[in-house]
Amino acid sequence: MTDLLIGGRWTGAIDERTREIRCPADGSLVAVVDEGGGKDAAEAVAAARQAFDQGPWPRTPAGPRGDLLLRVADLVARDKDALARAESLDTGKRLAESRLDVDDAVACFRYYGRLVRTETGRVVDTGTAHAVSRVVHEPVGVCALITPWNCPLPQTSWKVAPALAAGNTFVLKPSELTPSTAIALMRLLVEAGLPDGVANLVLGPGPEAGAPLTDNPDVDMVSFTGGLRTGRRVMAAAAGTVKRTSLELSGKNPNVVFADADFGTAVDHALTAVFRHSGQVCSAGARLMVEDSVHDAFVEAVVHRARGIRLGGPFDERAQTGPLISAAHRARVEAYVAAGLAEGARLRCGGTCPDDPALADGYYFLPTVLDRCHSGMSVLADESFGPVLTVERFASEDEAVRLANDTVYGLAGAVWSGDEERARRVASRLRLGTVWINDYHPCLPQAEWGGFKQSGTGRELGPGGLAEYRETKHIWRNTRPRPRGWFA
Ligand code: NAD
């Protein structure tokens, strides 16, 4: 088998281990892939180091680098159907959503392909006729790109595209649960003409194949997307050699609804916010906060609609959402709900696996609503990463802001109000990397994405996404060198 890409060569894992990838919707076998470890990671880093230090890519001008990214965008668009299918089989995600994820990847490669030509350095006024000062951008070096399983292709593209645009070489380590589109994307990079050793792929579990990338002295930067606990470990490991780290971590995102919001639209979005992809979205609006006067009616409407959500596999066109990624993850979500109930939350719907025999082989969990949640409960402190909505109530704008900010996370969230001024005021007071007003979930390649507080240190997308992968260097040139004479 040859699923690892090292130094331009497709190869198997050194220890010849393999892993079965199974579809979480029904347990069917999707693929058997190579499973690498520390030795494979070390080889991949050595290849990326050599390509950075001696290869042409870091010295290729921005124009041809951008052209290559635009070619990759075209190839991803060409293979949209196959990529979406592969993504759905690995993740259990509805095919319609996977198709949107492929569009997202195409837009990301196009965006950075164009941006890199315009984001140039600058000339600085030196105040003298005898010196020229320039500020230029250079690649950081060898980047370790580590990605999660929930949106594999977009998450990978958000790192690969800016890393390449800036002229870096990299080792990609996707989630061991969902490697298929990472393998396919690497094949497209090769087809687009990327020089050998610039893109390297290692597969395998985090502690074995990912951790060795985070403390390897030949790695200059770690860009990591995943859970908060893993992120802390990655940051600590990278500290030993003071690597640049870009962390995109967990969220527990408030969706704040004022009484003057458009009731029907806000209810509709409250459902999409949390139950899309069964809540396995970092920005899921898992924390519904509703103003007192509409609280009961609003929650009743959400519960009514949540009970009717149809579950099913990725290719079931009637399904509205799908399974969780694994049995272990479903057990974690179940434990999270149990803890909430033990702390005094009230179960309004869901809370168990469905009893439909057609879903028995998948890791399904019913859309769940817990109300009577309040500060101090662990059910509000932690991310479930499942189809679980917690509900809180508030009496005033100040209380809404205080409660929404009362968390270690700061990834994303929304405010719903018919009062434009209030919506803007609240949005600016929320300590979140992204705030939607009267909407939930949209994301643009040209606008930065990233968390405040413990939701991360990095920025993806937008010009800030490119800046993550660049060093900035000041070059001062004396055009008429003369002795200074200070120590004459
Ligand atoms: P995870 O932290 O378990 O794993 C993420 C990646 O890290 C995987 O590739 C894994 O193999 C690897 N890994 C695990 N241990 C490692 C270690 N010690 N050293 C190096 N790599 C290691 O996360 P997950 O369960 O795959 O993904 C879900 C989490 O990701 C959720 O918390 C979600 O909020 C977060 N997420 C965040 C964003 C964002 O943009 N902020 C986007 C998507 C997902």
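**Figure 1. Contacts that reach across the sequence in the predicted model.** Of the contacts between residues at least 6 apart in sequence, 72% join residues at least 24 apart. The chain carrying these contacts is folded into 15 helices and 19 strands.

**Figure 2. Overall dimensions of the C-alpha trace.** The trace spans about 80 × 55 × 40 Å along its principal axes. The radius of gyration is 24 Å, which agrees with the value near 23 Å for a compact globule of 488 residues.

**Figure 3. Buried residues and exposed surface of the protein.** Buried residues account for 55% of the 488 residues. The protein exposes about 20100 Å², and 51% of this area is supplied by carbon and sulfur atoms.

**Figure 4. Positive and negative side chains.** The protein has 61 negative side chains and 55 positive ones. The centres of the two sets lie 6 Å apart.

**Figure 5. Surroundings of C108, a cysteine in no disulfide.** With sulfur atoms required to lie within 2.5 Å of each other, the count of disulfides in the model is zero. For C108, the nearest cysteine sulfur belongs to C443 and is 9.8 Å away. C108 is buried, and its relative accessible area is 1%.

**Figure 6. Surroundings of C282, also in no disulfide.** The nearest cysteine sulfur to that of C282 is the one of C151, at 6.9 Å. This distance of 6.9 Å is over the 2.5 Å cut-off, so C282 and C151 are not counted as a disulfide. C282 has a relative accessibility of 18% and counts as buried, because the limit for that class is under 20%.

Technical notes
Residues numbered from 1 in each chain as written. Predicted model: local features only at pLDDT ≥ 70, side-chain atom pairs only at ≥ 80, totals over all residues. Heavy atoms only, no water. Helix = DSSP H or I, 4+ residues; strand = E, 2+ residues; numbered from the N terminus. Rg over C-alpha atoms; globule rule 2.2 N^0.38 Å. Buried < 20%, exposed > 50% of the residue type's maximum accessible area, 1.4 Å probe, protein only. Contact = heavy atoms within 4.5 Å. Areas by Shrake-Rupley, 256 points an atom, 1.4 Å probe, with all protein chains shown as cover. Lys, Arg positive; Asp, Glu negative; His and termini not counted. Charge placed at Lys NZ, Arg CZ, Asp CG, Glu CD.
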